[in-house]
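Grab a pencil and keep the viewer open. Each exercise below gives you a task and then walks you through a solution.

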Amino acid sequence: MADSDGDYQADDASDDEFGDHQVTSSSRHDTRSRVRPDKNKKGNRKGAKAAWEDIQRSWDAVVEDADGTLTGAIEGRAEAEKRARLLKDTTPLQRGIIRHLVLVLDMSFAMLEKDMLPSRYELSMAYAAQFVREYFEQNPISQLAVIGMRDGVAVRISDMSGNPADHLEKLQGWVKQDPQGNPSLQNALEMCRGALFHTPSHGTREVVIVYGALMSSDPGDIHETISALITDRIRVSIVGLAAQVAICDELCSKTNEGDNSSYSVALHEEHFRDLLLAITTPPVTRTQEQSNASLLMMGFPSRTLAAGDSIHFCACHHRPTREGYACTRCGSRVCRLPAECPGCGLTLILSTHLARSYHHLFPLRNWVEVPWSEARKSRACYSCLTPFPEVPASSKGKGKEKGKEKAASALLSTLKGLSESGRYGCEVCGNHFCIDCDLFAHEVLHNCPGCQSDTRGQQVTNGSANGDSTAANGTGAQGNGAMEIDS
């Protein structure tokens, strides 16, 4: 039995016969099967390997511990993930520590997609709340506003404010609402221009957009809006949740002086979170106008408590309160800091807020991995006193043990920044720390515990007062890089 597409093949035909009868279409009228030469027969390809014969399995690269478990491999990968977050450029650069940022969230129909669980919209709202907390943790004297895009218009979620509680409360009210309509980049950018129009010149003007759609429903020419953003010195950063969009790349490139690194597309949920939280670091100052030094008047009020049974009203929320901060210029009372005085417009902060913003200008240098050859100098972490792994004895082990050591070294080579000895050393004070203290010092403290507890600089100061210019060991403070402490 035959048809126009090919000849019928019996069920009991061999593989070779079936391979020799395949349909080819060399011309429009030639629809019959042609007999191929015997090139692909089994006897002619004995030396070649099939694709399925050369498979690299992920479980073949797993290294077992001496007791046969996988605890060491799992802990090593977890430690490498922690370490990867710290391996960033620590070059001191001039940055704008007083920031004015507008967060724009896509609330269109595209956010209903479930490629990021539970959905793009729910995940974006959850990460937006984390972004607000982290933003004010890293930039306590900055301000933020939140805008949404839905139904072809821009929706104002929260006004420009330095109070994270207000933004979180307003965001919580939009979590249960379903996204709908089309997004409009032009309308959102025009609203951002209006929100940043009255911001002072000493601060930065930034727009961060979480964009999940592949289109934009704009009422006019968006290129005119881009030109206006460049004139107003507003930087735009975009985190995309779908494919790369040409207008988004052009928008970020032109508003960041040709640098398109501010436009990224998230690959998965964790990558989306990392891209969004990376924007909490203040941007580098590029233009000459922003690099000029200028003085800014600020107030540092003290916390006061109402006397007796009296109650005061805060000028910022008009709510009754017993405690607050009085403006150092006009005496108006605000309930929390940092804030802008509602009466005279003076910026009110605490000294700790300035200290937390200062670490962006001079970040703590990355600690280096300590090899086994230098691991004998320490037995426990200098900060938390956690015992370090014992230094292995240099013995001529058997072939099986050598194979495990080679496999472990191969695993360490694939994990970037992971120390083989579990020790990470500060290049200034020379102390060794564990991975948890390394993470805590670089992300929270922003200071080295070993350098801060070093008293050699104080000894030099005391010795010079007594006529001695050297420390107890005969070494100056600047010779080993220790911090000098003013008397």
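**Exercise 1: a helix across strands**

Which strands does helix α5 (residues 185–196) lie across, and at about what angle does it run to β5?

Solution. Keep in mind that you are looking at a predicted model.
- Step 1: find α5 and look at what is beside it. The helix lies across β3, β4, β5, β6 and β7 (235–240).
- Step 2: compare directions. α5 runs at about 25° to β5.

**Exercise 2: the sheet**

Work out the strand order of the six-stranded sheet and find its edges.

Solution.
- Step 1: walk across the strands. You get β5-β4-β3-β6-β7-β8, an open sheet with mixed pairing.
- Step 2: look at the two ends. β5 (153–161) and β8 (263–265) each have a single partner strand, so one side of each has no neighbour in the sheet.
- Step 3: check the twist. Ignoring direction, neighbouring strands are turned by 15° against each other on average.
- Step 4: zoom in on one pair. Strands β3 (residues 99–106) and β6 (residues 204–211) run parallel and are joined by seven bridges. Leucine 105, for example, has valine 210 in β6 as its bridge partner.
- Step 5: add a helix. α3 packs on this sheet and touches β3, β4 (143–150), β5 and β6. The direction of α3 makes about 170° with that of β3.

**Exercise 3: two helices in contact**

Describe how α3 and α8 pack together.

Solution.
- Step 1: know what to report. Two packed helices are described by the angle between their axes and the distance between the axes.
- Step 2: give both values. α3 (residues 120–138) and α8 (residues 269–277) pack at an angle of about 35°, and their axes are 10 Å apart.
- Step 3: name the handedness. The crossing of α3 past α8 is right-handed.
- Step 4: pick out contact residues. Among them are Leu123, Tyr127 and Phe131 of α3, and Phe272, Arg273 and Leu276 of α8.
- Step 5: sort the contact by type. The split is seven nonpolar, two polar and three charged residues.

**Exercise 4: the sides of a helix**

Where around the axis of α6 do its buried residues sit?

Solution.
- Step 1: list them. In α6 (residues 222–231), the buried ones are Ile222, Thr225, Ile226, Ala228 and Leu229.
- Step 2: look down the axis. These residues cover an arc of only 160°, so they are on the same side of α6.
- Step 3: recall the helix geometry. An α-helix has 3.6 residues a turn, so residues three or four places apart point the same way.
- Step 4: turn to the other side of α6. There, Glu224 and Thr231 are exposed.
- Step 5: see what the buried residues pack against. Their partners are α5, β7 and α7 (246–255).

**Exercise 5: odd spots in the backbone**

Is histidine 446 buried or exposed? And which peptide bond leading into proline 118 is cis?

Solution.
- Step 1: take histidine 446, in the loop between α12 and α13 (449–452). This residue has a positive phi of about 60° although it is not a glycine.
- Step 2: apply the cut-off. Buried means under 20% relative accessible area, and histidine 446 has 18%, so it is buried.
- Step 3: compare arginine 233, in the loop between α6 and β7. Its phi is also positive, about 60°. Here the relative accessibility is 34%, so arginine 233 counts as partly exposed.
- Step 4: go to the loop between β3 and α3, where proline 118 is found. The cis bond joins leucine 117 and proline 118, with omega about -5°.

How values were computed:
Residues are numbered from 1 along each chain as its sequence is written. This is a predicted model: local features need pLDDT of at least 70, side-chain atom pairs count only at pLDDT 80 or more; totals for chains, interfaces and linings use all residues. Side-chain values use heavy atoms; hydrogens and water are left out. Axes are lines fitted to C-alpha atoms, for helices over the stretch in contact, and angles run from 0 to 180 degrees between N-to-C directions. Helices (H or I, at least four residues) and strands (E, at least two) are DSSP runs, numbered from the N terminus. A crossing is left-handed if the near helix is turned anticlockwise from the far one by less than a right angle, and right-handed if clockwise. Contact means heavy atoms within 4.5 Å. Ala, Val, Leu, Ile, Met, Phe, Trp, Tyr, Cys and Pro count as nonpolar, Asp, Glu, Lys and Arg as charged, and the others, Gly among them, as polar. Two strands pair if DSSP finds at least two bridges between them. Buried means under 20% relative accessible area, exposed over 50%, partly exposed in between (1.4 Å probe, protein chains only). The arc is that of the directions from the helix axis to the C-beta atoms.
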